[in-house]
Amino acid sequence: MLDSKLLRSNLQDVADRLASRGYTLDVARIDALEAKRKEVQTLTEKLQAERNAISKSIGQAKARGEDIAPLMASVETMGGDLANGKVELDEIQTELDSILLSLPNLPHESVPVGADEDDNDEIRRWGTPKAFDFEIKDHVALGEQYGWLDFETAAKLSGARFALLRGPIARLHRALAQFMINLHTGEHGYEEAYTPYLVQAPALQGTGQLPKFEEELFKISREGEADFYLIPTAEVTLTNIVAGEIVEHKALPIKFVAHTPCFRSEAGASGRDTRGMIRQHQFDKGEM
C-alpha cells in the first residue's frame, strides 16, 4: 500500500509514474475525496470544540441555578451531528483506502518505459548458452518417460493444473526443498520458519494480494467467523510476522526462510503457456 501522505503531497507525480507502467490513476476522484475529507474533518473538530465548551458551561450554569435544559438539548443535538460526521469520515476513508490498496508499486526512475520486454535495456550478459548435439526434451516429456511425472492421474484426483510426482522425481522434489532450506540457514544467516498455510484477509492485504488479486486466491468461507485463504506464497506469512510492529533498527535485518506449499487459482491464466508444471494450482517453494 502506497503512503497516503505521498498521494496527498505529490498526487500528480504519483499519477505520472503509474502511467509509465500503463496504470491510470483517477486523480479527480482522489482530489474530490481528499477535499471532502478535510471539509468534514474540519467541521467535526469545530463541532467537538463547541460541544466541549457547552458541556463545560452546563456545570457552571447549574451552579448559578440557571435552566440548563437548552444547553443539554444542544449537547444532545451536537452528539448526533458528531456521530453522523464520524460515519461520513469513515466512509470517505474506506473509499480512499480501497483506492490505495489497489494501486501498483511505483516504478523506479531507472526503469525504462515500454510496452513489453522488447523495450527492456540489456545491461550485461554472463556466460554462453550451452549447445547440445541431441534433441532437447522439456520436463514434461522427460518426466512422463518413466511415469514419474503423472498429469493424467493428478487430473483424475483433482482436475487440471495438478501434478503427481513419483519415484526419483518425488525424491528430487523433497531433496531440493531440503537443500535450499539448509543452504540459506547454514550459509546465509536465515532463520527457518514453519508457518500456517491458512491466513485471514489482513495478512494478504499486508503483502498486496488483497484486494487486487482476490480472484487468484483460494478462499474458505466460514459462517460467523473470518474467512480463510490458502497462502499463494510463504511471503504472506513471513512478512506478516512483524505486521503492526515497529522494529528497532538494531534488530535488522530480520531474515526468514520457509518451505511451504503454495496455492493459486490462476483465474487469469487462460491462453497462457500452461503446459506441464507451469501455473499449477499447487506447488512448493522455498521463500526467503
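R279 counts as partly exposed, at 31% relative accessibility, in what is a predicted model. Its phi is near 55°, a positive value in a residue other than glycine. You'll find R279 in the loop between β7 and β8 (282-287).

R161 has a positive phi too: the value is near 70°, and R161 is not a glycine. R161 sits in the loop between α5 (151-158) and β2 (164-165). With a relative accessible area of 23%, R161 is partly exposed. For background, most residues other than glycine have a negative phi, and most peptide bonds are trans.

**Cis peptide bonds**

That brings up the peptide bonds. Which bond leading into P211 is cis? The one from L210 to P211, with omega near 5°. P211 belongs to the loop between α7 (201-206) and β5 (219-220). Another cis bond joins L252 and P253, and there omega is about -5°. P253 is placed in the loop between α8 (235-239) and β7 (256-263).

**Helix packing**

Now for the helices. Two packed helices are described by the angle between their axes and the distance between the axes. Take α1 and α2: their axes come within 11 Å and cross at roughly 175°. Angles over 145 degrees count as roughly antiparallel, so that is the label for α1 and α2. On the α1 side the contact is made by L7, R8, L11, Q12 and A15, and on the α2 side by V27, I30, D31, E34 and R37.

Then there's α2 with α3. Here the axes come within 9 Å and cross at roughly 155°, so α2 and α3 are also roughly antiparallel to each other. The crossing, as α2 passes α3, is left-handed.

**The nonpolar core**

Which residues have the most contacts inside the largest nonpolar core? They are L2, L7, V14, L25, I30 and L103, in a core of 18 residues. The elements giving two or more residues to this core are α1 (4-19), α2 (27-63) and α3 (69-102). As a general backdrop, nonpolar side chains tend to be buried together in soluble globular proteins.

L25 is a handy place to look around inside the core. Setting aside neighbours within four places in sequence, L25 is in contact with L11, V14, A15, L18, I30 and L103. Of those partners, L11 and A15 also take part in the contact between α1 and α2 on the α1 side, while I30 does so on the α2 side.

**Salt bridges**

How many salt bridges are there? The count comes to 14. Here are three of them, with the N to O distance for each.

| Side chains | Distance (N to O) |
|---|---|
| E95 and R29 | 2.8 Å |
| E39 and K36 | 4.0 Å |
| K219 and E214 | 3.7 Å |

The pair E95 and R29 links distant parts of the chain: E95 is in helix α3, R29 is in helix α2, and they are 66 residues apart. The helices holding them, α2 and α3, are the pair whose axes come within 9 Å. Are these two side chains buried or exposed? E95 is partly exposed, with a relative accessible area of 31%, and R29 is partly exposed as well, at 34%.

E39 and K36 are a local pair. They are three residues apart in helix α2, so about one helical turn separates them. E39 is partly exposed with a relative accessible area of 42%, and K36 is partly exposed with 32%.

As for K219 and E214, K219 counts as partly exposed at 41% relative accessibility. E214 is partly exposed too, with a relative accessible area of 32%.

Salt bridges can also join up: R8, E34 and R37 are linked in a network of them. These residues turn up again in the helix packing, with R8 on the α1 side of the contact and E34 and R37 on the α2 side.

**A buried histidine**

Last stop, H184. This residue lies in helix α6 (residues 167-187). Is H184 buried or exposed? Buried means under 20% relative accessible area, and H184 has 10%, so it is buried. What does H184 touch, leaving aside its neighbours within four places in sequence? It is in contact with G189, Y190, V257 and M288. One of these, V257, falls within β7 (256-263).

How values were computed:
Residues numbered from 1 in each chain as written. Predicted model: local features only at pLDDT ≥ 70, side-chain atom pairs only at ≥ 80, totals over all residues. Heavy atoms only, no water. Core = buried A, V, L, I, M, F, W, Y, C linked by side-chain atoms within 4.5 Å. Buried < 20%, exposed > 50% of the residue type's maximum accessible area, 1.4 Å probe, protein only. Helix = DSSP H or I, 4+ residues; strand = E, 2+ residues; numbered from the N terminus. Contact = heavy atoms within 4.5 Å. Axes fitted to C-alpha atoms, helices over the stretch in contact; angles between N-to-C directions. Parallel < 35°, antiparallel > 145°, perpendicular 65-115°, else oblique. Left-handed = near helix turned anticlockwise from the far one by under 90°.
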